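Open the model in a viewer and keep the sequence at hand. The stops below are given in the order in which to select them.

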Amino acid sequence: MDFLMSGLAACGACLFTNPLEVVKTRMQLQGELQAPGSYQRHYRNVFHAFITIGKVDGLAALQKGLAPALLYQFLMNGIRLGTYGLAEAKGYLHSAEGTHSPIRSAAAGALAGVLGAYLGSPIYMVKTHLQAQAASEIAVGHQYKHQIFPPQSWKVALAAAMVSGIVVVLAMTPFDVVSTRLYNQPTDTQGKGLMYRGVLDALLQTARTEGIFGMYKGIGASYFRLGPHTILSLFFWDQLRFLYNTYTK
């Protein structure tokens, strides 16, 4: 559970910080191996870079490389924080006397960080290539021409559904948990619930008794259901409309 929760938390943050990552990448590549003053500065500072990218490449360009960035964050932070949490849960961070060991904690943290960075490095490379892609008038660094999916591919819709699903499950899972429990609670002879008085009461009781993680039970199943469910619903809807229009004319 630590792997999943830490990975999803990092992905949620990535949705908001990825534009800064795009700006950082462009500014770091600007003037690569060129003496100061010998090249054109497309990006003068962070704010100017935001405006320039949005104006020339379009606002969507500020989220370039989002798919590999999300995968990188999920993998790296899931492994890093999850491994450390596992070591803590198994008692590896304590000495033989049962006291907390700073040396073991530092070693576990370093090992988890190295493992996460090593496994995430290839994805980070792809992310960097995509974030560096720009219109010729503001391009910096080498321009790779990666294309993850062919145009009009069903994979584009699936990827978009899986990415947007992160935000959806983070926002909706607590209410989904409460909905399930409200429907499943025992009732008296008048049909009134015996455990919860309503949505707010169920939220408060769950948070108070089970903590924040209790609000996110089943989040993994919710996430991996959402993407396929969305794309299949849209696919079948489109096909049914096509068949209806074909045979009713």
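Begin with Gly-85, which is buried because its relative accessible area is 12%, under the 20% cut-off for that label. This is a predicted model. Gly-85 is part of helix H3. Now add Ala-108 to the selection and draw a line between the two C-alpha atoms: the distance is 9.6 Å, while along the sequence Gly-85 and Ala-108 are 23 residues apart.

Next, the salt bridges. How many salt bridges are there by the rule used here? The count is six, and three of the pairs are visited below.

Select Arg-26 and Asp-57. Their side chains form a salt bridge, with 3.2 Å from N to O. This pair connects distant parts of the chain, 31 residues apart: Arg-26 belongs to helix H1, and Asp-57 sits in the loop between helix H2 (46–56) and helix H3 (66–89). Is Arg-26 buried or exposed? Arg-26 has a relative accessible area of 0%, so it is buried. Asp-57, at 22%, is partly exposed.

Stay on helix H1, which covers residues 2–29, and select Glu-21 and Lys-24. Both residues lie in this helix, three residues apart, or about one turn. A salt bridge joins their side chains at 3.4 Å, N to O. Lys-24 has a relative accessible area of 29%, and is therefore partly exposed.

Move on to Arg-197 and Asp-201. The two side chains meet in a salt bridge of 3.5 Å, N to O. Arg-197 is exposed, with a relative accessible area of 77%, whereas Asp-201 counts as buried at 14%.

Then return to Glu-21 and Lys-24 and add Lys-127 to the selection. Glu-21, Lys-24 and Lys-127 are joined into one network by salt bridges that share partners.

The last stop is on the surface. Select Leu-232, Phe-235, Phe-236, Leu-240, Phe-242, Leu-243 and Tyr-247, and show them as a surface. These residues make a nonpolar patch of about 810 Å². Pick out Leu-243, which lies in helix H7, residues 219–247. Why does Leu-243 count as partly exposed? Its relative accessible area is 40%, and that label applies because the value falls between the 20% limit for buried and the 50% limit for exposed.

Technical notes. Residues numbered from 1 in each chain as written. Predicted model: local features only at pLDDT ≥ 70, side-chain atom pairs only at ≥ 80, totals over all residues. Heavy atoms only, no water. Patch = residues over 30% accessible without salt bridge, like charges linked within 9 Å, V, L, I, M, F, W, Y side chains within 5 Å. Areas by Shrake-Rupley, 256 points an atom, 1.4 Å probe, with all protein chains shown as cover. Salt bridge = Lys/Arg side-chain N within 4 Å of Asp/Glu carboxyl O. Helix = DSSP H or I, 4+ residues; strand = E, 2+ residues; numbered from the N terminus. Buried < 20%, exposed > 50% of the residue type's maximum accessible area, 1.4 Å probe, protein only.
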